[in-house]
Amino acid sequence: MVDVIRRRNPLTKGMEVFYILLGSLIVAISYNIFLLPNHVASGGVSGISTITEAVFHWEPAFVIWGINIPLLLAGYLLLGKQEAIKSVIGSLFLPFAVYLTKELQPATNDPLLGGLFGGIGVGIGLGIVFIGNGSTGGTALAAKILHKFSHITLGKSVAILDGLIVLAAIVVFDVQQGLYALIGLYTTSKAIDLIQTGFHRTKTFLIITEKEEEVRQEIFHKIDRGVTKINAQGGFTNSVRHIIMCVVDQSEFTKLKQIVKSIDPKAFVIVMDSSEVLGEGFSQT
């Protein structure tokens, strides 16, 4: 078994490198055809390079290299070898890809569309990089350093740095460009989530009913889904009862709701979105 794992490791590592390179290329293309020509500085080192290109006419790829390399060294010294290694390939290849694709023609001259689709493209690219257990470095490393030495949460550290870049865009360009940058930031985060969790959406039902067995049997026979009983105690009555938990596909949502309502109209039902479900009847990876 150990030999099999060892034989698979080079392939796994090769696929991870492929994902990092592919994701970085998608980020670079999205940057050059959507964000840069429309002066949408939607956070990150690419946002900084958009501003410096407009103000000083500096080559964006060189600016990204000029920021990423010192941050890599700082990450190595302050965060450790493992953290820096994760960012090496993406940090060095991304500006190279930006330079290679700089002659591509803009896909649109509308900054709203540029921010929207640029954000989606960058998010897809970063999501693929993350699947490869990599990083494109930049402000992500800077945020980790800030988090370590200031005790500001990582999420807030990222928000602070991206916020400063958007603020700089407002100063250099105007408020409207800053708003386009915020659109780009938002769509990037949503696209990353989509790539990492997939398009498949499920619903988790938590059902409290006096007709527990009838509901359970109907779920088995009409939807062909399993259920889990969770022991619970009523806060008002202190009576012991079960909560029925059932996870279903989006297409089965209405059917399960109708089943519960038809058996027990007084049932207490909570429905939650589940972005990823692993196990029998769902994804196995």
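**Questions on a predicted model**

Me: What are the helix and strand shares of the chain over residues 153-173, and what separates its end C-alpha atoms?

Reply: Over residues 153-173 of this predicted model, the chain is 90% helix and 0% strand, with 30 Å between the end C-alpha atoms. An unreviewed UniProt entry lists 153-173 as a "transmembrane region", together with 17-36, 56-79, 84-100 and 112-132, and such annotations may be inferred rather than shown by experiment. Residues 84-100, another of the annotated spans, are 100% helix and 0% strand, and their end C-alpha atoms lie 25 Å apart.

Me: What span is expected of helix α4, and what span does the helix have?

Reply: Helix α4 comprises residues 81-100, 20 in number, for which 28 Å is expected at 1.5 Å a residue, and its first and last C-alpha atoms are 29 Å apart, a value close to the expected one. There is nevertheless a bend of about 40° in α4, located at S87, and S87 is itself among the buried residues of the helix, which also include A84, G90, S91, L94, P95, A97 and V98.

Me: Why is T50 called buried or exposed?

Reply: The cut-off for buried is under 20% relative accessible area, and T50, at 0%, therefore counts as buried. T50 sits in helix α2, residues 44-56, and once its neighbours within four places in sequence are left aside, its contacts are Y31, L36, H39, V40, A41 and F173.

Me: What makes the approach of the T50 side chain to S46 fall within the distance limit for a polar contact?

Reply: A polar atom of the T50 side chain lies 2.9 Å from the backbone oxygen of S46, and the limit for such a pair is 3.5 Å, so the distance lies within the limit.

Me: Which feature of the backbone sets H39 and H151 apart as residues to look at?

Reply: H39 has a positive phi of about 55° although it is not a glycine, and H151, likewise not a glycine, has a positive phi near 65°. H39 belongs to the loop between α1 (2-35) and α2, whereas H151 belongs to the loop between α6 (139-150) and α7 (154-172). With a relative accessible area of 29%, H39 is partly exposed, while H151, at 71%, passes the 50% cut-off and is therefore exposed.

Me: Why is L206 classed as it is at 19% relative accessibility?

Reply: Because 19% is under the 20% limit, L206 counts as buried. L206 lies in strand β1, residues 202-208, and beyond its neighbours within four places in sequence it is in contact with I243, I244, M245, F268, V269, I270 and M272.

Me: How do you know that K102 and E59 form a salt bridge?

Reply: The closest N and O atoms of K102 and E59 are 3.4 Å apart, and the limit is 4 Å, so the pair qualifies as a salt bridge. K102 is in the loop between α4 and α5 (111-131), and E59 is in the loop between α2 and α3 (60-78), so the bridge ties together parts that are 43 residues apart in sequence. K102 is partly exposed at 31% relative accessible area, and E59 is partly exposed at 23%.

Me: What does the salt bridge between K203 and D273 tie together?

Reply: K203 and D273 form a salt bridge in which the closest N and O atoms are 2.5 Å apart. K203 lies in strand β1 and D273 in strand β4 (residues 268-274), so the pair ties together parts that are 70 residues apart in sequence. K203 counts as buried at 14% relative accessibility, whereas D273, at 61%, counts as exposed.

Me: Where do E218 and K222 lie, and how many residues separate them?

Reply: Both E218 and K222 lie in helix α9 (residues 212-223), 4 residues apart, which is about one turn of the helix. Their side chains meet in a salt bridge with an N to O distance of 3.0 Å, within the 4 Å limit. E218 is partly exposed at 23% relative accessible area, and K222 is partly exposed at 48%.

Me: How many salt bridges does the whole structure contain, and which residues are linked in a network of them?

Reply: The whole structure contains 8 salt bridges, and R225, D249 and E252 are linked in a network of such bridges.

Key. Residues numbered from 1 in each chain as written. Predicted model: local features only at pLDDT ≥ 70, side-chain atom pairs only at ≥ 80, totals over all residues. Heavy atoms only, no water. Helix = DSSP H or I, 4+ residues; strand = E, 2+ residues; numbered from the N terminus. Buried < 20%, exposed > 50% of the residue type's maximum accessible area, 1.4 Å probe, protein only. Polar contact = N/O pair within 3.5 Å; in protein donor to acceptor, adjacent residues only side chain to side chain. Contact = heavy atoms within 4.5 Å. Expected span 1.5 Å × (residues − 1). Bend = angle between axes of the 7 residues up to and from the residue.
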